[in-house]
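Trainee: I would like to work through this model with you, one question at a time, and to reason from the structure to each answer.

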Amino acid sequence: MQLPARISLVTLAGRDVERMARLFRTLGWPETPGSDEHHRTFQCTNGVVIGLYAARHYEPELGPPAEGFRGTTLSVNLASYGEVQAVYETLREVEDVELLGPPEEAFWGGGFAWRDPEGNVWDVAWAKEARLDERGGLIFP
């Protein structure tokens with residue numbers, strides 16, 4: 001059997017899981033009923049689950065979390081550039097969000113990036129040629 005081409009759960013290892021959980025709650029992301037003080041989980045509308053787990057559980061085997069840019073971004077794609085601009089204005093008011101620049105239009109659409117309190121970089125983007133399905137899943141052309 002081949003590995004299915006999908007990502008179902010992304011776990012973010014962090015030093016302060018509760019701080020990250022508060023941020024996601026502030027953003028309005030629904031916490032799952034199975035979430036607990038050891039492993040916080042948030043159900044995204046497109047079916048992906050974001051998990052928050054203490055980095056100390058990974059460190060004995062994998063080492064401490066890297067500092068600075070980690071070579072990965074997490075992206076929330078939207079249906080229009082106007083939505084990108086509106087989300088930017090909302091995030092300007094959210095504590096623990098470090099905006100890394102204003103929204104910018106580009107040949108492919110446009111967006112902006114922000115950093116969470118654990119140093120993860122997030123993109124908020126609109127891709128002109130892509131579309132979102134009924135659950136918010138991104139469909140590339």
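Trainee: Which residues of helix H1 are buried, and within what arc around the axis of H1 do they fall?

Mentor: Bearing in mind that this is a predicted model, we can begin with the buried set of H1, which consists of Val17, Met20, Ala21, Leu23 and Phe24. These residues line one face of the helix, because, when one looks down the axis of H1, they fall within an arc of 160°.

Trainee: Against which strands do the buried residues of H1 pack?

Mentor: The residues to follow are Val17, Met20, Ala21, Leu23 and Phe24, the buried residues of H1. Tracing their contacts leads to the strands E1, E2, E3, E7 and E8.

Trainee: In what order do the strands of the open sheet lie?

Mentor: The open sheet is formed by 3 strands with mixed pairing, and its edge strands, each of which pairs on one side only, are strand E1 (9-14) and strand E2 (39-43). From one strand to the next the twist averages 20°. The order is E1-E3-E2.

Trainee: How do E1 and E3 run, parallel or antiparallel, and how many bridges join them?

Mentor: Two of the pairings can be named: threonine 11 has glycine 51 in E3 as its bridge partner, while glycine 14 stands opposite alanine 54 in E3. Strand E3 covers residues 49-54, and E1 and E3 run parallel, joined by 6 bridges.

Trainee: How do E2 and E3 run, parallel or antiparallel, and how many bridges join them?

Mentor: E2 and E3 form a hairpin with 5 residues between them, and in the turn glycine 47 has a positive phi of about 100°. Across this pair, histidine 39 stands opposite tyrosine 53 in E3. The two strands run antiparallel, and the number of bridges joining them is 5.

Trainee: Why is E3 described as largely enclosed by the rest of the structure?

Mentor: The argument rests on accessibility, with a residue taken as buried when its relative accessible area is under 20%. E3 is largely enclosed by the rest of the structure because, of its 6 residues, the number that are buried is 5.

Trainee: Which element gives the most residues to the lining of the largest cavity?

Mentor: The count comes to 1 cavity of 30 Å³ or more, and the largest cavity has a volume of about 30 Å³. Its lining is made up of Leu12, Ala13, Gly14, Val17, Met20, Leu52, Glu118 and Asn120, and the elements that give two or more residues to it are E1 and helix H1 (17-26). With 3 residues, the element that gives the most is E1.

Trainee: Which element supplies the largest share of the lining of the largest pocket?

Mentor: The largest pocket holds about 950 Å³ of space, and of its 30 lining residues the closest to its centre are Trp29, Cys44, Ser75, Val76 and Asn77. At least two lining residues are supplied by each of strand E4 (73-77), H3 and E8. The largest share is 5 residues, and it comes from E4.

Trainee: Which residues of helix H3 are buried, and which strands are included in what covers them?

Mentor: In helix H3 (residues 81-91), the buried residues are Tyr81, Val84, Tyr88 and Leu91. They cover an arc of only 80° around the axis, which puts them on the same side of H3. What covers them includes strand E5 (98-99), strand E6 (104-106), strand E7 (109-115) and strand E8 (121-127).

Trainee: Which residues does leucine 27 touch, leaving out those up to four places away in sequence?

Mentor: Leucine 27 lies in the loop between H1 and E2, and it counts as partly exposed because its relative accessibility is 25%. Although leucine 27 and leucine 91 are 64 residues apart in sequence, their C-alpha atoms are 8.5 Å apart in space. The residues that leucine 27 touches are Leu91, Val94 and Trp114.

Trainee: What value does phi take in aspartate 96?

Mentor: Aspartate 96 is found in the loop between H3 and E5, and its relative accessibility of 24% is the reason that it counts as partly exposed. Glycine 28, just after H1, takes a positive phi of about 85°. Aspartate 96 is a residue other than glycine, and its phi is also positive, near 75°.

Notes:
Residues numbered from 1 in each chain as written. Predicted model: local features only at pLDDT ≥ 70, side-chain atom pairs only at ≥ 80, totals over all residues. Heavy atoms only, no water. Pairing = 2+ DSSP bridges. Helix = DSSP H or I, 4+ residues; strand = E, 2+ residues; numbered from the N terminus. Axes fitted to C-alpha atoms, helices over the stretch in contact; angles between N-to-C directions. Buried < 20%, exposed > 50% of the residue type's maximum accessible area, 1.4 Å probe, protein only. Arc of directions from axis to C-beta. Contact = heavy atoms within 4.5 Å. 1 Å grid on protein atoms, 1.4 Å probe; cavity = no way out; pocket = protein on both sides within 12 Å on 5 of 7 lines; lining within 4 Å. Points joined across faces, edges and corners; volume = space filled by probe spheres on them.
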